[in-house]
Amino acid sequence: MLLGIDVGGTHTDAVLIDKNGIKSTFKAKTDTKDLFNTIITALKEVISGVNVKEIKNINLSTTLSTNAIIENKLEKTGLFISSGPGINPENFKIGDNTYIIDGSINHRGSEILKLDTSALEKDIKACVKDGIKVFAAVTKFSTRNNMQELQISDSLKNNGDFITMGHLLSSQLSFPRRAATAYYNSAVWRINSNFLISVIDVVKKMGINAPVNILKADGGTIPAEASKSLAVESILSGTAASVMGITALCKITDDAVVLDIGGTTTDIALFASGVPLIEKDGISIGNIPTLVRSLQNRSIGIGGDSVISITKGEVKVGPERKGPSAAEGGTEPTLIDAMNFAGITNHQNKEKSIEAIKSLSEKNKLSPSDIASKSIDFAVKKIKDEIDRLLFDVNQKPVYTVHEMLQGRKIIPKKIYIIGGPAKAFEQVLKGDIKIIVPENHGVANAIGATLAKTTFESELFSDTGKEKMMIPNIGIKEKVSQKYTLKDAEKDLISYTRKYLENLGYRDSDLNIEVVESSSFRMIEGFYSSGNDIRVKCQIKPGVMMNLYK
Amino acid sequence: MLKAKNRLGLIFFPAYDWAISPTHPEREERLLYTQDQLREEGIFDIDGIVELKPDIATEEDVMRSHSCFPDVKSVTTESHMISAGGAIRAARAVLDGEVDKAFALVRPPGHHSMKSVHGNRGFCNINNESIMLEYIREKYNKRKIAIVDTDCHHGDGTQDIFWHDPDVLFISLHQDGRTLYPGSGHLRELGGPNARGKTINIPLPPNTSEEGFIYTIDKMVLPILKDFKPEVIINSAGQDNHYTDPITNMNFTAHGYALLNEKLNPHIAVLEGGYSIQGALPYVNLGIVLAMAGIDYSSVKEPDYNKNYVPQSKDITEYIKQLEEHVLNNYFNPAPDIERAPVGEFTVRRKNIYYDTDGIQESQQEHILICNDCRGVLMIESTASINPPCIGIEIPVNGCKRCQEAGHKLFEQAVKSKEYMTVLLTDRVNKVYKNVTQ
Ligand SMILES: [Zn+2]
Ligand SMILES: [Zn+2]
């Protein structure tokens with residue numbers, strides 16, 4: 001049996017799945033002040049009457065770190081950046097305690113300027129005096145040479161509880177993203193790891209002897225133990241849970257759009273040939289881009305509870321929510337009330353909906369039926385426009401070889417899958433040329449996805465064979481290689497080092513389907529002679545589910 | 001978060017799977033480290049900077065500015081069409097108002113490609129800037145356009161293409177042709193009989209540094225641009241003036257390139273040469289991107305700047321000061337062309353062109369009709385070591401009635417004569433492109 005809990009902003013869903021499908025589900029209101037208690041309650045309810053020894057895996061999707069960041073409940077964090085020539089590092093300060101230390105590594109990973117250790121010591125003293133206990137160290141091009149991050153980390157060792165080094169977060173280039181990601185990772189470290197310790201403890205006390213994994217924004221999981229030092233990986237995993245739920249509920253083989261429609265927002269995700277699309281650079285928190293891998297996703301302020309407003313005869317829906325729909329006892333009419341009025345839905349108290357639309361009509365020179373139909377049209381257009389924009393952006397994504405330029409594959413969706421509370425209602429209004437599918441159990445798709453999501457991972461190898469160097473930054477590998485090191489060797493090494501790393505962290509063997517996704521070797525020339533190869537290989541475990549629920 | 005003052009479109013096409021030959025400077029990883037640097041700096045996350053996918057240029061796009069013998073397909077590969085398409089995308093982005101400025105970081109380069117094309121010269125097959133410029137004139141109803149070429153090599157291809165065009169101001173700053181490929185770009189080259197002073201060459205001495213380049217921009221280029229009043233300014237942004245470049249002898253820097261770009265303030269920049277792919281390109285490109293976006297670039301500096309950069313000597317400063325008068329005179333009071341024919345007749349120019357990369361020798365006779373009503377119909381007879389005699393006839397943008405008729409007549413005569421392997425007609429007025437190959 002597999003158990004999953006998805007803690008959302010308003011609801012928390014728990015699901016238990018065995019080989020025959022869904023065994024039990026439980027839905028509760030989320031107590032944002034006490035997530036731990038919410039989880040324990042859901043856990044107890046969903047496993048009541050079950051032999052806990054049969055539970056083989058627990059996946060948990062939480063909003064803990066996300067909320068801490070959004071609500072700015074962050075621990076005071078000392079961020080040390082050394083940057084080198086380029087954009088002024090002052091631009092990358094984040095929080096109130098960023099220290100810029102002289103030192104520089106170039107794009108080939110050569111140290112150009114040594115770290116100013118006396119400035120570093122001075123700033124560390126200031127941190128200690130300030131009572132700062134968590135730190136982040138990020139240097140430019142640390143994914144090509146991590147020595148200066150290691151140096152900073154070494155100096156901080158005896159002065160704090162936790163330090164994030166940028167190169168361990170991702171192998172991807174982007175100094176500003178690395179700095180922001182490392183900062184957040186440290187700033188939520190304590191609250192996240194305390195929470196995980198409590199969850200693991202309580203699970204044990206319930207007699208459940210199963211690994212606990214945490215859901216990530218890329219639709220995969222990470223073992224709770226590993227997640228303690230990678231708190232930032234657990235942010236914004238909600239949409240990913242829903243998308244993975246769809247892959248378990250429906251057999252998707254084509255290009256497709258997924259709409260997750262809730263009370264206030266609609267999240268849009270894409271599938272290419274049945275595989276959810278990954279955002280190439282990483283997710284943004286507010287307007288701050290990070291290196292946290294995520295599924296391609298857009299969110300717009302249209303949902304069942306989006307309020308209807310009329311200004312100068314123009315009918316608008318959302319982006320605000322001003323309480324529940326009139327049908328559910330709210331004061332102002334919402335999109336669901338318009339659908340009730342138009343006879344599309346029969347949600348709760350339909351009379352209240354009609355009343356609310358009529359009263360809005362009296363204040364404006366529009367008939368009630370006009371208001372209802374214009375509201376629905378507005379919402380439909382908003383969603384369709386955003387789908388088009390997302391498709392345009394994805395299809396316009398730049399490529400860097402003549403081959404890809406000429407082969408240019410475009411994503412052309414054949415179907416739209418809709419999940420979430422108002423899914424059925426939207427199925428009717430979005431109807432058109434494209435096939436729309438609302439899967440059974442769509443109301444708990446998020447929890448199903450959370451339950452069945454498999455491990456994901458990504459790592460990248462760089463080698464400069466001229467310098468006899470090879471490294472896999474995000475798993476901390478640095479090796480000497482021969483000048484004859486080939487692309488084949490690199491691919492083999494990357495997969496075997498990654499596998500070893502993951503097994504040590506408690507990832508289970510059956511999940512480790514590691515595939516090479518990018519692989520290149522450039523012959524470097526000095527003067528007119530070869531000076532070795534620049535080899536780059538990227539591998540991943542792509543998102544997937546442990547079992548399918550469709551027939 | 002960083003915000004660009006000017007919305008900037010970047011068209012980045014490094015062609016990682018294309019090279020002239022395995023050890024040639026124009027090879028696969030030329031822009032690899034530039035991409036690494038731009039990514040590490042987070043350039044593509046800056047609010048106001050967008051990365052755009054190149055278009056693929058069409059044969060018609062190429063035929064507007066080139067006479068390709070025997071045809072476009074024979075002298076180009078897909079990579080050339082994408083590189084030119086990258087420049088076109090940059091132009092579209094700016095002229096459609098998507099962005100304020102655009103920078104096409106594309107390869108292969110193009111500024112050594114001339115009007116007639118038999119193959120590759122100076123790493124170039126087709127001229128990205130001229131294809132873009134003609135696209136702008138065709139689609140956006142612009143007339144006066146300036147190209148400022150800041151590559152270390154003389155932009156002889158671009159010069160050749162616009163030699164007779166009074167509406168295109170071409171200014172080239174380069175290492176003196178007496179000391180570097182392609183050997184041209186002297187002060188006395190100042191445009192054809194109908195376009196005197198619209199080609200301006202500024203041959204700079206070897207070892208010119210930041211001071212000399214900025215002086216040249218301030219005292220020569222900017223005053224000329226101010227007078228010409230172009231509707232669009234294009235920068236052929238070659239980066240081989242850098243002090244680390246392996247095939248040239250100049251002393252320019254990343255910071256200098258950024259400052260130059262800021263002063264020049266081009267709408268569109270297109271990458272040309274630059275072969276110090278580790279020591280210069282990542283920093284020069286970063287500097288140009290920041291300058292175009294209106295973001296502080298004062299911290300952009302090569303790692304070896306303090307060790308290896310040498311400011312220019314007094315002699316060079318003096319020499320450049322003396323150039324100033326000649327250059328300004330060439331634009332403001334150009335000497336008339338002594339070989340100019342009377343109105344209604346052709347002025348003839350003979351040229352021998354060597355295609356260094358492909359080892360092709362071409363000899364040309366170029367005839368331009370002296371006309372009071374338009375730029376004049378152009379006819380190029382060309383024989384190359386790989387092709388028997390060919391001929392290209394061009395009726396210019398805004399060509400007058402008489403020149404249109406003359407052009408069509410010349411074309412028919414050439415076809416009838418059976419003296420040429422290929423006869424091309426480029427009729428820019430009626431947008432007709434003909435190729436008769438026997
Ligand atoms: Zn050049
Ligand atoms: Zn004429």
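**A walk through chains A and B**

Start by selecting helix α4 of chain A, residues 147–156: this helix lies across β5 (77–82), β9 and β10 of chain A, and its direction makes an angle of about 160° with β9(A). Keep in mind as you click around that this is a predicted model.

Now hide the helix and look at the strands. You should see an open sheet of four, in the order β6-β5-β9-β10 of chain A, with parallel pairing. Colour β6 (98–100) and β10 (162–165) of chain A next, since these are the edge strands, each with pairing on one side only. Tilt the view until you look along the strands: on average, neighbours in this sheet are turned by 20° against each other, ignoring direction.

Zoom in on β9, residues 134–139 of chain A. Its pairing with β10(A) is parallel and runs over four bridges. Which residue of β10(A) stands opposite A:Ala137? Select A:Met165 and there you have it, facing A:Ala137.

Time to move over to chain B. Switch to cartoon and you have twelve helices and 16 strands to page through. Zoom out and line the chain up with its principal axes; the C-alpha trace spans about 65 × 45 × 40 Å. How does that chain compare with a compact globule? For 438 residues such a globule would have a radius of gyration near 22 Å, and chain B agrees with its 21 Å.

Try colouring chain B by burial: 59% of its 438 residues count as buried. Last stop, a contact map of chain B: among contacts with a separation of 6 or more, 72% join residues 24 or more positions apart.

Methods
Residues numbered from 1 in each chain as written. Chains lettered and ligands numbered in written order. Predicted model: local features only at pLDDT ≥ 70, side-chain atom pairs only at ≥ 80, totals over all residues. Pairing = 2+ DSSP bridges. Helix = DSSP H or I, 4+ residues; strand = E, 2+ residues; numbered from the N terminus. Axes fitted to C-alpha atoms, helices over the stretch in contact; angles between N-to-C directions. Contact = placed C-beta atoms within 7 Å. Rg over C-alpha atoms; globule rule 2.2 N^0.38 Å. Buried ≥ 20, exposed ≤ 12 C-beta atoms within 10 Å, placed from the backbone.
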